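Biologist: Before we go through the labels on this model, I would like each one set against its cut-off. Please start with the rings.

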Amino acid sequence: MKKYGAFILMFCFFILHFYVVCGRDVLICKAPDSPEATGIFASIRNSATKNIRKYIPSPHSELLLGMLLGIDDLKTIPRFSDMLRSTGTIHIVVVSGYNISLVFELIISVIGTQYKLKNLVIAQILTLVYSLLTGFQPPVIRAWIMSSIVSWGRYSGRRIEALQVLIFSALAMLCFNPLYLLSLSFQLSFLATLSLVLYAEAFSKLFSKKLRNKALIADLSTTLAAQVLVWPLISSYFGRISLISPFVNCLILWTVPLATVLGGIFLITTYVNSILAHLFVWIVYPPLDIFVQVIRFFSKFNFAVVDYKISTLALLIYYFFVLSFSYFYKISVDDK
């Protein structure tokens, strides 16, 4: 009880804050609007959009803008956007917690070890600037809080459980703005991360018995683990499920970090020299094109999507039994 005292206090504060904001009629409350970039951040985003569109054609430019800066221009290409939905890959074309971790690790690899206070502070500040540049969406906020806690924990020599970090980060956000609870991006981000924390290791052990390729094992484990808690919510909101999502995700996940890192370097070259930018397009374009061609190919299959909308009651029952099983299974394993 003492171990979870802080969580209980934060949860109670969130409930009180939520009641103050929404009152008794929860139905009148709605998720907060996505924050709009302003000032220098808006200028940078607009300039980056213009530069990327200048050198890279559609839909590759929309992919890069989404992966790199969280700019949602998919509405300008509705046909390709529908392909992403039918293959269950539209979540990739946004800045997520993975991007924040990727940027943090990239910064650390450039400036040196994170066990030096100066390096850690620089990495934290630059990652925060990047987070603000991407629009500071709920998944990004959660990821930045989590990465900050984990980084300072490592610096101080403390090992912090991922589940505790996730719960603290979510409660901290809800205490600050309880309406985040109603945000689909917050819900999906939290459940996907929770699913990875709870099930990724089990899937990894399962596939390790059958496969030898470590990269393939990691992609399969990550993709399938995330689906455990995410698919019912997607079904509830959108009324359809992609049957080929796990397979397609495994085929293209490797292109995301490659396109993000190379895309960042390419964006810098567009401000340095046009000839250099034109040359670098040949480097950043292939992973983007592989992504596009895979999506186009698998979106043609008629069985890719099943229309199914899970009821609210069934959704709650599913989460109750799955999470209860996970809890008691962990207890049984720990006892051994």
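**Ring pairs, cysteines and a buried serine**

Modeller: Phe247, Phe297, Phe298 and Phe301 are joined into a cluster by ring pairs. The model is predicted, so to speak of its limits: local features need pLDDT of at least 70, side-chain atom pairs count only at pLDDT 80 or more, and totals for chains, interfaces and linings use all residues. Residues are numbered from 1 along each chain as its sequence is written, and side-chain values use heavy atoms, with hydrogens and water left out.

Biologist: What makes two rings a pair, and how many aromatic pairs are there?

Modeller: Rings of Phe, Tyr and Trp (its six-membered ring) pair if their centres lie within 6.5 Å; planes under 30 degrees apart are stacked, over 60 edge-to-face, and the rest tilted. The count by this rule is 15 aromatic pairs. In one of them, Trp152 and Tyr155, the ring centres are 5.8 Å apart and the planes stand at 80 degrees, so the pair is edge-to-face.

Biologist: Where do Trp152 and Tyr155 lie?

Modeller: Both are in helix H7 (residues 138-155), three residues apart, about one turn of the helix. Helices here are DSSP runs (H or I, at least four residues), numbered from the N terminus.

Biologist: Why is the pair of Tyr318 and Tyr319 called edge-to-face?

Modeller: The ring centres of Tyr318 and Tyr319 are 5.7 Å apart and their planes are at 70 degrees, so the pair is edge-to-face.

Biologist: Are Tyr318 and Tyr319 buried or partly exposed, and what decides?

Modeller: Buried means under 20% relative accessible area, exposed over 50%, and partly exposed in between (1.4 Å probe, protein chains only). Tyr318 has 22% relative accessibility, so Tyr318 counts as partly exposed. Tyr319 has 13%, so Tyr319 counts as buried. Trp152, at 34%, is partly exposed, and Tyr155, at 32%, is also partly exposed.

Biologist: How do you know that Cys175 forms no bond with Cys12?

Modeller: A disulfide is a pair of cysteine sulfur atoms within 2.5 Å. The closest cysteine sulfur to that of Cys175 belongs to Cys12 and is 9.6 Å away, too far for a bond. The structure holds zero disulfides. Cys175 is at 13% relative accessibility and therefore counts as buried; Cys250, at 10%, is buried as well.

Biologist: Why is Ser245 called buried, and which residues does Ser245 touch?

Modeller: Ser245 has 4% relative accessibility, so Ser245 counts as buried. Ser245 is in helix H11 (residues 245-252). Leaving aside residues up to four places away in sequence, Ser245 touches Thr87, Gly88, Thr223 and Gln227, where contact means heavy atoms within 4.5 Å.

Notes:
Helix = DSSP H or I, 4+ residues; strand = E, 2+ residues; numbered from the N terminus.
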